[in-house]
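I sat down with this model today to look up its pockets, a run of paired strands and two loop residues. Here are my notes, kept short for the bench.

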Amino acid sequence: MNLTYRRPSLRHLGLLLALPLAASTVRIIQTNSAGDNVHIIDPATNKVVGVITGIEVSHGAAVAPDGNRYYFSNEAESTLDVVDQKTLKVTKSIPLSGHPNNISISKDGRRVYVGIAVAPGAVDVIDTTSLKNVKSIAVKGAVHNTYVTPDGRYVVSGSIPSKTITVIDAQTETPVWSLVMDLGIRPMAFATNPDGTTKWMFVQLSGFNGFAVIDFATHKEIKRLELPALAAGKAPYLYGGNESHGMAVTSDQKTLIVNSRLNSAVYSYSLPDLKLLGSADVGLAPDWVTLTPDGKRAYVANAASNSVSVVDISAMKEITRIPVGQVPKRNITAVLP
């Protein structure tokens, strides 16, 4: 068979260029820890565009890479609840080994990792094909949060009572190293090396209004930064929760965003030099933060104001505040193909 290559004509190229590019839909998923609903925010309009009901005391959230499912840890029933993204209905509740806290999902979407917040401590592994709890990985101490490192190679859990960070190999699902700190382990975020591997872990600590920096390769703390003191005339928020809770790194790896519940403010630091860039006042007791994929905006859950603050990261200025449910805490950014 004689196959002849034909150069595309200018007309054909014009037709190809005229075809619309596939666009992703971005949503901010906001759980509410004192109710049975989850709010879905469209960051293009900063309006609530959907509400998931029937999950009593929702805690952690995750989204499948294909966008078809949401996953939520249900504190009331000690289950991982699976929600259809289109109907916003719970389709399955998967029993866990104990009371859950926060969750994370593998890069390929095949596993959801659930922090079990009761002694002796564990990370439950949910298979998203069978929708079954297939493994419980023993760790030291009740787990507050779980994370998957940016390269997908490791699952990281943090424990408040044992003050222990545990790093789990995602392929073998076994712990490979751990680090005991002097204070309880709260939220974490990650910075990467140029090849995408994990460079640093940023770790918030119990009773500390700031964060520690952990070198991932050496497993050692290399720096600890305290957030700025309150401005004159501003009162601290002293009711419940940790002084500093919630942090995230922008997609370009140039900025670290850090909440202060104590100060009711959010701060930005440059990476890798960790210089303070600015701050923005938000609602009372900011408890978690998630960023848009382009790294331009932060969505800050204000636990004591029942709202989400939208912060322009470049200007470090609150641009609007969105009412949500009761005591909003964990939130995530969902990219729906």
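Before the pockets, a word on labels: helices (H or I, at least four residues) and strands (E, at least two) are DSSP runs, numbered from the N terminus. This is a predicted model, in which local features need pLDDT of at least 70, side-chain atom pairs count only at pLDDT 80 or more, and totals for chains, interfaces and linings use all residues. Residues are numbered from 1 along each chain as its sequence is written, and side-chain values use heavy atoms, with hydrogens and water left out.

**Entry 1: the pockets**

I noted the rule for a pocket: on a 1 Å grid over the protein atoms alone, it is an open set of points where a 1.4 Å probe fits, with protein on both sides within 12 Å along at least five of seven lines, and lining residues have an atom within 4 Å of a point. Grid points are joined across faces, edges and corners, and a volume is the space filled by probe spheres set on the points.

How much space lies in the largest pocket? I found about 1,200 Å³. Its lining has 38 residues, and the closest to the centre are Lys107, Val148, Thr290, Ile332 and Thr333. Strands that each supply at least two lining residues include E4 (58–63), E12 (143–148), E16 (185–192) and E28 (328–336). E28 gives the largest share, six residues.

I then sorted the lining by class, with Ala, Val, Leu, Ile, Met, Phe, Trp, Tyr, Cys and Pro as nonpolar, Asp, Glu, Lys and Arg as charged, and the others, Gly among them, as polar. The largest pocket came out at 23 nonpolar, 13 polar and two charged residues.

The second largest pocket has a volume of about 170 Å³. Of its 17 lining residues, Gly241, Arg261, Asp287, Lys329 and Arg330 are the closest to its centre. I count five nonpolar, six polar and six charged residues in that lining.

**Entry 2: strands E16 to E19**

Next I followed the pairing, where two strands pair if DSSP finds at least two bridges between them. E16 and E17 run antiparallel and are joined by six bridges, and Thr198 in E17 is the bridge partner of Thr192. Their hairpin has five residues between the strands, and Gly196 in the turn has a positive phi of about 95°.

E17 (residues 198–205) also pairs with E18 (residues 210–215), antiparallel over four bridges. Phe202 has Val213 in E18 as its bridge partner. In this hairpin Gly207 takes a positive phi near 70°.

E18 goes on to E19 (residues 220–226) through six bridges, again antiparallel. Here the turn residue with a positive phi, about 65°, is His219.

**Entry 3: two loop residues**

Is Asn46 buried or exposed? Asn46 counts as buried because its relative accessibility is 13%, the cut-off being under 20% relative accessible area (exposed is over 50%, partly exposed in between; 1.4 Å probe, protein chains only). Asn46 is in the loop between E2 (37–42) and E3 (47–53). Leaving aside neighbours within four places in sequence, its contacts (heavy atoms within 4.5 Å) include Ile41, Arg297 and Tyr299.

Val324, in the loop between E27 (317–323) and E28, is buried too, at 14% relative accessible area. Not counting residues up to four places away in sequence, Val324 touches His39, Ile41 and Asn306, among others.
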